[in-house]
Amino acid sequence: MYSEKVMKLFRHPHNMGKIENPDGLGKVGNPVCGDVMYIYIKVGKNKEGKDIIEDIKFETFGCVAAIATSSMITDLAKGKTLEEAEKITRDDVADCLEGLPPIKMHCSNLAADGLKAAIADYRKKRQAK
Amino acid sequence: MKRIYMDHAATTPVDKRVLEAMKPFFSDKFGNASSLHTEGQEAREALEKSREKLAYVIGADPKEIIFTSGGTESNNFALKGTAFANKNKGRHIITTKIEHDCVLNSARWLEKQGFDVTYLPVDSYGMVNTNELERAIRDDTILISIMHANNEIGTIEPIEDIAKIAKEHNIYLHTDAVQTVGKIKIDVKKLGVDMLSMSSHKIYGPKGVGALFIRGGTKIGPLLHGGGHERNMRSGTENVVGIVGMAEAAKIANREMQTVMPRITKFRDKLIRELLNIPNSYLSGHPEKRLPINASFYFKFIEGESLILKLDDRGIAASTGSACSSKSLKPSHVLLAIGLKPEEAHGSLRLTLGKENTEEDVSYTIKAVSESVEELRKMSPFKKTFEKVE
């Protein structure tokens, strides 16, 4: 049912956990549906002075697909500028996982949304300052 | 890695003795039980002997056993066959919200054909309330169908009490006994049911075969029309090899029940006792009136599909009522009917024991479930409550 890649990340997820005092936090999903993701980001600057995702972690309540996509988005986003990170789509995540079962594409493939929400949270906080 | 199979409510392996009993009927004794020649009569004899064996196990007359393709067909047959044969008497059927899908979807289909169905609620243990049943009965009620024991949470329904009510009102009573045959002693006379569904592969018999007990005199019509097999009640060349296997499986289960079930019950109680030590873990189903093989739980803050695959990695086969593991993406209707919130139903785990499970298997499973739940909770953003996410 799941690809090797999905099962590998489910068994050994990357960047799992919480960042204390994150620069941005994205919360997506719904416990009623069975999938909730929290994406934590720490924002830094690259050599050109652009905002980049310096550190990223996730916490996920959900199925195998939800956990694997969470792990995948952290790998995809780490080190990228916010502009680049924002462009990562749900399909990109699924493709990098060698596909997801069709039924999981909609409900559990939330990680890209979670990252966008975290970046939006960071921008909102910065504006408020 | 050693595999530990703890999903016996889903299916069981074929008992080696059952397989031996079946073997001659594949190639050597292959006859069609309707044929007049020696080959045919050999098959006929095996078929009728199997009917007697199965009838004996449930205290029925052999004439009251109709072989089918399994539990689903038996339940479809009981509901649709009774409904159409009695539609001049009335069009109301009573069942429950926690029946197997094959009963529920038969009932829903009958609604589309102009029948009226009441789906009785159950309490938080999954028990039907007999007072509520009585209140639901109408002048035009023709059939009550209530399962003997629930496949997900293991609760055993008060069928004897229900039978008294059905009899008082002169209404047919059907029970889906797929989960109880071979596990608790069944006597159709004592139970007082008019129809009872059975399945072979839940009791170490082959898949693709089942039976329906139909009390003599019950007004019911067939689902399958054809050459008039099974006393005109189920046409189609009899699955002799499967039927031989089912009857042998039922005989063995019945004979060994008194040694196997007390041992399994002890294992079940140990699973329940130990796994409820995990924080935020709960038992589903009735604490006492439950199947000896069934230990069902839900663990807050984790999702069942992930739990099943964590356990699979540790060599354990189990199941869940989580939406994420279903084709419909809806949590189990049974868990919702006993009052669980969807987020709680997502964290459900069903362990169902079998005769090959050992004390070591049980201890290992307890450890594996505890570790898996802990690992998943470490990953979960929820630790103390489910927080609403915008």
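What follows is a conversation about how chain A meets chain B, and how chain B is put together, in a predicted model.

Reader: What makes the pair A:Lys27 and B:Glu387 a salt bridge?

Author: The rule asks for a side-chain nitrogen of Lys or Arg within 4 Å of a carboxyl oxygen of Asp or Glu. In this model the side chains of A:Lys27 and B:Glu387 come to 2.6 Å, N to O. That is within 4 Å, so the pair counts as a salt bridge. Across the interface of chain A and chain B the rule finds four salt bridges, and the structure holds 37 over all chains.

Reader: Which elements of chain A give two or more residues to the side that touches chain B?

Author: They are helix H1 (4-11), strand S1 (24-30), strand S2 (35-45), strand S3 (51-61), helix H2 (64-77) and helix H5 (102-107) of chain A. The largest share, four residues, comes from S3(A).

Reader: And what is the make-up of that side of chain A?

Author: Its residues divide into 20 nonpolar, four polar and four charged.

Reader: How do you know how much area chain A and chain B bury between them?

Author: It is the accessible area that the two parts lose on being put together, summed over both. For chain A and chain B the value is about 2,200 Å², with 65% of it on carbon and sulfur atoms. On the chain A side, A:Phe10, A:Pro31 and A:Phe61 supply 26% of the area that chain A buries against chain B, more than any other three residues. The contact takes 28 residues from chain A and 26 residues from chain B. There are also twelve residue pairs in polar contact between chain A and chain B, with both residues at pLDDT 80 or more.

Reader: Let's look at one residue, then. What is A:Pro13 in contact with, leaving aside its neighbours within four places in sequence?

Author: A:Pro13 is in contact with A:Phe58, A:Ile67, A:Ser71 and B:Met379. These count as contacts because each has heavy atoms within 4.5 Å of those of A:Pro13. As for its place in the chain, A:Pro13 lies in the loop between H1 and S1 of chain A. A:Pro13 and A:Met1 are twelve residues apart in sequence and 19 Å apart in space, C-alpha to C-alpha.

Reader: Why are S1(A) and S2(A) called a pair of strands?

Author: Two strands pair if DSSP finds at least two bridges between them. Seven bridges join S1(A) to S2(A), so they qualify as a pair. The two strands run antiparallel. One of the bridges links A:Asn30 with its partner A:Asp35 in S2(A). The hairpin of S1(A) and S2(A) has four residues between the strands, and there A:Gly34 takes a positive phi near 95 degrees.

Reader: Now for chain B. What are its domains, and where do they lie in the sequence?

Author: Chain B is divided into domain 1 (4-11 + 257-381) and domain 2 (16-252). Their C-alpha centres lie 28 Å apart.

Reader: What makes up the interface of those two domains of chain B?

Author: Here 27 residues of domain 1 are in contact with 31 residues of domain 2. The two domains bury about 2,400 Å² between them, 59% of it on carbon and sulfur atoms. B:Met257, B:Leu291 and B:His333 supply 25% of the area that domain 1 buries against domain 2, more than any other three residues.

Reader: How many salt bridges and polar contacts cross between these domains of chain B?

Author: The rule finds zero salt bridges across the interface of domain 1 and domain 2 of chain B. The count of residue pairs in polar contact is 17, both residues being at pLDDT 80 or more. H11(B) gives the most to the side of domain 1 that touches domain 2, with four residues. That side divides into twelve nonpolar, ten polar and five charged residues.

Terms used:
Residues are numbered from 1 along each chain as its sequence is written. Chains are lettered from A and ligands numbered from 1 in the order in which they are written. This is a predicted model: local features need pLDDT of at least 70, side-chain atom pairs count only at pLDDT 80 or more; totals for chains, interfaces and linings use all residues. Side-chain values use heavy atoms; hydrogens and water are left out. Buried area is the accessible area (1.4 Å probe) that two parts lose on being put together, summed over both. A polar contact is a pair of N or O atoms within 3.5 Å; within protein, one must be able to donate a hydrogen and the other to accept it, and residues adjacent in sequence count only if both atoms are side-chain atoms. Ala, Val, Leu, Ile, Met, Phe, Trp, Tyr, Cys and Pro count as nonpolar, Asp, Glu, Lys and Arg as charged, and the others, Gly among them, as polar. Domain bounds come from an automatic or database domain assignment.
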